[in-house]
Protein chains: 4
Amino acid sequence: MERQARRAQVLYHAKRLFALQGYHRTNISDIVAQARIARGTFYLYFQNKKELFEELLNEALREISARIHRIRLGPNEPSPAQQLRDNIVRVLDFVLAERELTDILLNHAYDLDRDFDGRIRNFYAHIIEQIQRSLELGIKMNLVRPCDTRTVAICILGGVKEVAAQTLAEPHPDVNQLAEQILDFGLRGVATEELLRAAPGRTLEKPH
Amino acid sequence: MERQARRAQVLYHAKRLFALQGYHRTNISDIVAQARIARGTFYLYFQNKKELFEELLNEALREISARIHRIRLGPNEPSPAQQLRDNIVRVLDFVLAERELTDILLNHAYDLDRDFDGRIRNFYAHIIEQIQRSLELGIKMNLVRPCDTRTVAICILGGVKEVAAQTLAEPHPDVNQLAEQILDFGLRGVATEELLRAAPGRTLEKPH
Amino acid sequence: MERQARRAQVLYHAKRLFALQGYHRTNISDIVAQARIARGTFYLYFQNKKELFEELLNEALREISARIHRIRLGPNEPSPAQQLRDNIVRVLDFVLAERELTDILLNHAYDLDRDFDGRIRNFYAHIIEQIQRSLELGIKMNLVRPCDTRTVAICILGGVKEVAAQTLAEPHPDVNQLAEQILDFGLRGVATEELLRAAPGRTLEKPH
Amino acid sequence: MERQARRAQVLYHAKRLFALQGYHRTNISDIVAQARIARGTFYLYFQNKKELFEELLNEALREISARIHRIRLGPNEPSPAQQLRDNIVRVLDFVLAERELTDILLNHAYDLDRDFDGRIRNFYAHIIEQIQRSLELGIKMNLVRPCDTRTVAICILGGVKEVAAQTLAEPHPDVNQLAEQILDFGLRGVATEELLRAAPGRTLEKPH
DNA sequence: GATGAATGAGAATTCATTCAT
DNA sequence: GATGAATGAATTCTCATTCAT
C-alpha cells in the first residue's frame, strides 16, 4: 500500500507536468524533481516514461467510459434526454475535476507511439458507435429523424470534445448550462419534426 | 524555380512522414532518406526541422482559413444555408485533397512548442468567433433561435473537426453527403421553431 | 567533494589536451576518452566545451593576477626592485607549475569567442596600467628616467610574456636566473642615469 | 596574370575577415560572399581554406623577415643603434601598413595545425637568434654589458611584439616615437655602463 | 573557367535508462 | 528500497569540399 502511495505521488506530479508541457517536453528529470524522488527511484515504480504516461491516459479513458451510460428504456428510467443530459454532465464533471487528465487526453496523447494512437482512435470509435446506436434506437422510437447516424454521431462527439477542450481554459464554467446547450443543440439537430412540434419548450423531451 | 522545386520535394516527403508518424517520431534522417537527398541538403532549404513543420502547418491554416467565407447577405447572394454548405464543402474538399496536412493539423500539431500551441489555439478561437457572429446574425434575422452562441459555435466547430478527422480514414467519402448531414444537423440544432415549421423538407433553408 | 573530484579530473585532462592541441582541435570525444568517462558524463559537470575552457582560462587569469602585487613603499617593505623581482619570480613559478594553463593562455586563448578575446585584452590592459603606474611612481621618486611610460610598460609586459612562452619549452629553467635577467634588463632600461651611476653593481637597487 | 588578380582579390577579402574574426570563425561562405565569387570558384584558386591562410601568413612572415636587417659594421654604415632603429621602424611600418596581416600573425595564427604552430615558433626562434647574435657582437665591441643574451633577446622580441599588438588598436600611432621609446628602453637595458656614462643624452649611441 | 547545389563526415548535445553503493 | 552518478545511443546541425552543368 505504501507502494501505491508512492506511485500515486509520482503520477500526480507527472500528470501536472504532462498537462502543462506535453509528453515530449516533460522529461524524467522534471518528474523526479517535482515528486522529490531520486532518478532511479522512478524506475522502481514505473518501467519507463511511456508506461507512466499510459497509466494516466488509461485512467482518463476508463473514467470517461464509465461516465457514459448506455441509454436504458423502461418505465422507471429517466427520459432518454435526461439520460443523455446526465451523461454529458458526468463527462463535463470529470473534465473539470481532472483538467490535467483531460488536457492530456485531448491535446497531448498523440505523437507518442503507434499503438497508442490506435488505442485512442478505438476509444473514440467506440463512443461514436454508442452514440450511433442511441440514434438508431431513437429513430425506431420516432424520436430521431432519419439521418446518416454515423456522421451525426461524429458531429455530436466532436461537439462535446470541443466544448470540453474549450472549457479547460475557463476558470469557473457552469457545467449544467454547458450541458443544456449541448443537449439542446444536439437534440434539435436530430429530433423529428413531430417531436419538435409537440414539445416547443426549452427542454426537448418526449412528452409522457 | 529550381529552388522552389527542391523545397517542394522535401516538403512533400516531410508532409507524408509527419502525417504518418507525427513530429517527434519523424527525424531529419527519415526525411532526407525519403527525399533522397543528403543530410546537409536539407539545411540548404530549411533552417531546421521546426521551420519545415511550421511551413506545412501554416499552409494548412492558411488554406483552411481561405476556404471559410464570411456569410454575405444580399439579394444576389446565395441563401445563408447555401453559403454554409459551400464553406463546409470547401473545407472537406481540402481535407481530402490534403489528407496529410489535415492529419498533421488535427493530430500532430501539439506538443511541439509553446508559441505553436498558441497559434493553433488562436486559429480555432478565430473560427469560433466567426461562427458565433453568424449565429448572432441569424438570431437577429429570426433564423436562429436564441442560445448561448459561444457554446453552440464550439459544438459546430467540434462537429466539423471530428467529421474531418474521421473522414481521413475513409477511402472514398462522399463530401456532399457529409456536408449535407453536418449542415442539416447543425441548422436544425439552431433553427427557430418558426423556421422549422415553415420548411419541413430536407433542405432547411429560409423560404423565399 | 566527490563532485569536485570528478570535475577536477575532467579539467585536468582537458587542460592537457587544450595545451597540446588548442581549443578547436580538441573535441569532446578527446576529452572524455582521456578522462575515461562517457560522453554524457561530461555534460553532468560542464554545460559545454566553452564553459570548461573558460574555467581553465579564468583560473590562469586569476592566479597570475594574484601573483602580481602592487609595489608598496614604506620603511619595512623590501626595496621596489626586490618587490618587482618577487612579482616576476611568482609569475614564472606559476608558468612552470602550470605549464599547460600558461600555454593555453598564451597560445590558445584567441579565436574562440568575441567576449573571450575581450576578456584577455582587458587582463593585459590591466597589467599594462599597473606597470605604468609603477613607472610613474618611479619617476616621481627619481628612480626612473622620464619616458613614455605606456610604451615602456608594454615593452616590459611583452618581455615577460615572451620569456614565459619560451620558457615553456625548456625542461628545467632556472627561474631565479631568468627573473634576474629580466629585472636587470628592465631596470637598466628605465633607470635614471643618477641611479645607474650610484649603483654600478649587478643588482640595480636604490642605495639606502 | 588575370589569375593572379583573382587570387589577390580573394586574398584581400580573406585577410580582412581572418583579422576580424579569426580563422575558425571565418568560413568559406564568408570569404566568397565578400569576394563576390561562387563557392566553387574559390577552389579554382586555392586548394583549401588552410592553404589560403598559409599564404597570408607566409606573406607576413616573409615581409617581416625582410624588414629585419642584419647589423652591418663598417666605416660607411650607420651606427648600430641607427640600424636597430631602422629595423624597428620598418617593422612597425609594416604593422601599420598591414594591420590585418599583423593581427592574423599575432592573434590568430595558432590553433590551426601542428606544423603551422611549428613554423611560427621557428620564425620567432630565428629572430631571437638574430637579436642574440647582435647582442653578442655588442658585447665583443664593449657596447653591450655581459648578460644572458638569449633571455635578453627574448625580452626584446617580446617588447616589440607587444608594442606591435597594442599599436594595432590605435588609430594614428607615431611610429618614430614608438621606435625611439623601444630603442631607448632596450639599449639602456643592455648598454655597458661605460657607454652610458659616455653618452648621457637621449640618443644612446656610440660616440664617434 | 565559373557556378552553386549537393554532399556527408564530424561535432556538440540531450535524455531515457541502468547500476553500483 | 533508495539514490544519483554514469551511460551511450540517438539526434540535430555545420561546413569544408566536390562535381555536374
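**Contacts, symmetry and cysteines in a predicted model**

Modeller: In this predicted model, a polar backbone atom of B:Ala38 is 2.8 Å from a phosphate oxygen of DNA strand E.

Biologist: What makes that pair at B:Ala38 a polar contact?

Modeller: A polar contact requires two N or O atoms within 3.5 Å. The separation at B:Ala38 is 2.8 Å, so the pair satisfies the cut-off. B:Thr41 also reaches a phosphate oxygen of DNA strand E, here through a polar side-chain atom at 2.8 Å.

Biologist: Which part of DNA strand E does B:Gly40 contact, and with what kind of atom?

Modeller: A backbone N or O atom of B:Gly40 lies 3.2 Å from a base nitrogen of the strand. That value is also within 3.5 Å, so this pair qualifies as a polar contact.

Biologist: Which residues come nearest to DNA strand E?

Modeller: They are B:Arg6, B:Gly40, B:Tyr45, D:Thr41 and D:Tyr45, out of 30 residues around the strand. By class, this surface has eleven nonpolar, ten polar and nine charged residues. Helix α3 (39–45) of each of chains A, B, C and D supplies at least two of its residues, as does α1 (2–25) of chain D. Of the strand atoms within 4 Å of the protein, 63% belong to sugar or phosphate, and the rest to bases.

Biologist: How do you know what kind of axis relates chain B to chain A?

Modeller: Chain B superposes on chain A by a rotation of 179 degrees with 0.0 Å of shift along the axis, at an RMSD of 0.2 Å. That is the relation of a two-fold axis. Moreover, 100% of the interface residues of chain B are also interface residues in chain A, so these copies meet through the same surface.

Biologist: What rotation superposes chain D on chain C?

Modeller: The rotation is 179 degrees, with 0.0 Å of shift and an RMSD of 0.2 Å. Here too, 100% of the interface residues of chain D are interface residues in chain C, so the copies meet through the same surface.

Biologist: How many disulfides does the whole structure hold?

Modeller: The search over all chains finds zero.

Biologist: Why does A:Cys155 form no disulfide?

Modeller: A disulfide needs two cysteine sulfur atoms within 2.5 Å. The closest cysteine sulfur to that of A:Cys155 belongs to A:Cys147, 9.6 Å away, and is therefore too far for a bond. For C:Cys155, the closest is in C:Cys147 at 9.7 Å, again too far.

Biologist: Why is A:Cys155 called buried?

Modeller: Buried means under 20% relative accessible area. A:Cys155 has 3% and therefore counts as buried; C:Cys155, likewise with 3%, is buried.

Technical notes: Residues are numbered from 1 along each chain as its sequence is written. Chains are lettered from A and ligands numbered from 1 in the order in which they are written. This is a predicted model: local features need pLDDT of at least 70, side-chain atom pairs count only at pLDDT 80 or more; totals for chains, interfaces and linings use all residues. Side-chain values use heavy atoms; hydrogens and water are left out. Buried means under 20% relative accessible area, exposed over 50%, partly exposed in between (1.4 Å probe, protein chains only). Copies are superposed by least squares on the C-alpha atoms of residues with pLDDT of at least 70 in both. Contact means heavy atoms within 4.5 Å. A residue is near a molecule or strand if one of its heavy atoms lies within 4 Å of it. A polar contact is a pair of N or O atoms within 3.5 Å; within protein, one must be able to donate a hydrogen and the other to accept it, and residues adjacent in sequence count only if both atoms are side-chain atoms. Helices (H or I, at least four residues) and strands (E, at least two) are DSSP runs, numbered from the N terminus. Ala, Val, Leu, Ile, Met, Phe, Trp, Tyr, Cys and Pro count as nonpolar, Asp, Glu, Lys and Arg as charged, and the others, Gly among them, as polar.
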